[in-house]
Structure formats: C-alpha cells, structure tokens
Amino acid sequence: MMTSKTFRARRLPAHGVESGWAALLPSRTPTPELDQAITVDVVVIGAGFAGLAAAVRLADLDRNLSVAVIDADVVGNGASGRNSGFLIDLPHDISSGNFGVNAVAKSHNDILVARTAIQHYARLAEEHGWDEDVFDPSGKYSVAMTDAGTEHLAAYSLTLKSLGEPNQVLGATDIAEVTGTRCFKSGLFTPGAVMVQPTALVRAIADLFQEPVRLFERTAALSIQASSSGCTVKTPKGEVRAGRVILATNGHAESFGFGSGELLHVFTYASLTEPFTSSALGGYRKWGATPAAPMGTTVRRINGADGDRILIRSRYTYHPKIEVGAASIKSAGDLHDRKFADRFPDHRHLKMQYRWAGAMALTRNSVPLFGQVADGIFAACACNGIGGTKSTAAGIATAELLVGHRSKLGEIFRSFEKPQALPPRPFTDVGARLNLKFREWRAGRE
C-alpha cells in the first residue's frame, strides 16, 4: 500500500524593503503566476542561486527533462539579489597556524566547490554576452583598518601561497590608489573572485529559460505531498505534479519542516550611497573589498549612468522567524553611517539612498542541508553565509544527484555530514544573539 506525507508551509518568505540592487535596474515584467495543474519531471521550489543553478544543470544534463521552477516572489527580490555581489573562490577560514593535511584537503575541496559555481556563471556570461556590470571577473581585495588586521592578511597571504594560490599584499599607499582613501593600513588582492550585480545576475538567468524549462514567479509553494510514486506541490492557483522536487529555499526549508532545529536564520544588512561624480573620489571606479576580520565591514564601489556609489555591508542579527523589521534596518544603517565616515571621512556628507537586509541560513557544523530529505524531495539549502558560490554549487550537485551524474563536486557534497542539532530554542536564541554581538565587537574597526 502506497503511503504519502504532506509537508505544509508554515510561513512564506517576507523579504522586506527593496534592495538597492533592484532599485538601480530597469523594471522587469515577471513571468506569469501558475494558474493551472501541470505535470513535469522535476519541480524546483525557489528561483535564487541554488534553484536557478539546479534548473540550468538539469537542462544541460538532459534536454528532454521537463522542469518547472516556482518562486513565491519575483526573481531577484529574495536573498540571492540582496547580498553584496561577491563570488569568492577562496575559503575565508584558513590561517597560517594549525594547518594540517586534513585542513589542506578541506581547503582544496572548498576551492573546487566555489570555482565550480564561478565557472557555471562564467560559461553563461560568455554564451549570452553579459557585460561586466552583471559579471566582472575582476578579483577582489581584502582590507585592514588596524595593525591586527594587517597581521591577519599577512598570515592569510602565506597560507594561500602554501596552497599554490596567487595573491598580492598591498601596503597603505598601494591600497589607497585602489580605494581613493588613505584609511586602510593594508590590503590583499586575490585574482579569482568575481564581482556581480546580484539582482541583474539572477534575472539574466531566469530570462534564459525556455521549454521544457518553465519559470512561474509569484507562485508560492503552499504544500508538498510526497510519496514513492511522485510529488504534488500545491500553489495558490494551481499545482505541479512531478516525479521529484528540489527544495532550493535556503532557510525556508524549515517552513516545510525540513532542517527543523538545525538551521540558524541570520540577516546581514547593506546600505548604498546616493550617486556622486567619479572625480569626487580618487582610486579605481570599480572595486570590492572584504574585511580582514570575520564579521567586519564589506565595501564596494560601483558605477552607473547616474554616477558612482559606495556600498557598505555590516551587522549580523539572528531572527528565527526569518524576517526583519524597520528597527533592525535602522540600527544597522546607523552603524553603516559610522563605518562609512571612518573609511571615507572626506565624503561623510554623502547620504545613503538605499538600505536593506538579506537572509542567510547557517548550520552548527557549517554544512548544507543537502540530498534526499523525504520520498522524492531533495534539498539544496543552508548557504552558511557564502550563498553566491555555495548555494549555486549545491544546486548543481543536487541536479547531478537526481539524474545520476557523477562528478567531483557531487562526491564532495555527498561526503558532508548531516547538519548537527542546535540546542533547544531558548538557549539557541540567547546564544546566537550573544555570539553575533561578540563577533561584531571583536571585529572592531574592521
């Protein structure tokens, strides 16, 4: 006797105010909402980095496979369009101390995962003629505001060299020539990272789909009925019957009951200045820099038809209901104003035109929620803070898992442990908030 189980969404995504990335783009007409019952081979829930990558990879592997991609919002309004636009190829957490054989192997795996994602986008950029405003393989900088940050970058540089990874340490004068400010004590350049306009990137991918891959925006998954013979995803005006489901909803996997007690829901925040003339600030007109210290401040300079802008990203907060309010954005914005003034004191008069927040999902042991989680349902969730590459790679690996394609990427994802259980909620809530505040304090000026 066949049995089935229904997983109902307890909440739907609430992304809050529009991101600056979306505000800078021309308006786009979303694809139609699903308003009927359809049958496909695979339904992908979520049209962010993971879901779009899964759909593209499925089409690459089997062009006859019918795929429906559904998203509760419009493409680009979710977390994938709300980050600071870095596709980073190197792990953040390596150091020159205690770097044994296992750590080296892990770092090489981390690099392969990230570069698989970057190569995925690089191929699409070349095939479809995306310009550098969407996908720019420019490399990135890390910058230090303090002596401790400079020491960390020096140690990081040595470890990268031991891995055979090219990098360049920059002194205060050199990094000032890049950034146009003399407030950074040092910098480190790594050539393999890519700068993207994240909303434009995911929109560009979404606009590529054609039969037998279809995208339905503003189409929330209300429930998933799963059995060994197939699945049915109910939406407000229709349903999708499919042999298999890919859940690419990051932290909202928990809304369906997957990853319950395993996912930490953390938001980070960004502010984007009003435009200014390119001559008002020296240095390069386009660059991106991550902080020397974890939980520090990311900075980007971008340019467009209306002038140049500076993006500041800092502050991490824990929100188990996966949404933030205006007070959290205002508090982060006040911090951003101070961070901006500290880095660009001669330009503190510039106002922030856009402020927004974006969600990420973390696990206690920093592994994804990946693989089969129920009959016919496969997860590509929990970005662990580096969604541009990790979520993309998870989507690719999940697609390969569904069709039985073997790859080194798939081996890495199948080797991951399962997410570890978190302590009971009251302890998790208090511990997560205190830990984030401590890490922000420890980052200091960085």
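These questions and answers cover a sheet, a helix and some cysteines in a predicted model.

Reader: In what order do the 8 strands of the open sheet stand?
Author: The sheet is open, and its pairing is mixed. The twist averages 25° from one strand to the next. The order is E7-E8-E6-E15-E16-E17-E14-E18.

Reader: Which strands stand at the edges of the sheet?
Author: An edge strand here has a single partner strand, so one side is left without a neighbour in the sheet. Two strands fit: one spans 168-170, the other 352-363. They are E7 and E18.

Reader: Which residue in E8 does Tyr141 stand opposite?
Author: Strand E6 covers residues 140-144, and strand E8 covers residues 186-190. The two run antiparallel, joined by 5 bridges. Opposite Tyr141 stands Phe189.

Reader: At about what angle does helix H10 run to E17?
Author: Helix H10 spans residues 425-443. It lies across strand E14 (263-273) and strand E17 (307-318). Its angle to E17 is about 140°.

Reader: Why is the sulfur of Cys383 without a bond to the closest cysteine sulfur?
Author: A disulfide needs two cysteine sulfur atoms within 2.5 Å. The closest cysteine sulfur to that of Cys383 belongs to Cys381. That is too far for a bond, because the separation is 9.8 Å.

Reader: How many disulfides does a search of the whole structure find?
Author: Cys383 and Cys381 do not supply one, because their sulfurs are too far apart for a bond. The search took in the whole structure. Its count is 0.

Reader: Is Cys383 buried or exposed?
Author: Buried means under 20% relative accessible area. Cys183, at 22%, counts as partly exposed. Cys383 has 4% relative accessibility, so it counts as buried.

Definitions and conventions. Residues numbered from 1 in each chain as written. Predicted model: local features only at pLDDT ≥ 70, side-chain atom pairs only at ≥ 80, totals over all residues. Heavy atoms only, no water. Pairing = 2+ DSSP bridges. Helix = DSSP H or I, 4+ residues; strand = E, 2+ residues; numbered from the N terminus. Axes fitted to C-alpha atoms, helices over the stretch in contact; angles between N-to-C directions. Contact = heavy atoms within 4.5 Å. Buried < 20%, exposed > 50% of the residue type's maximum accessible area, 1.4 Å probe, protein only.
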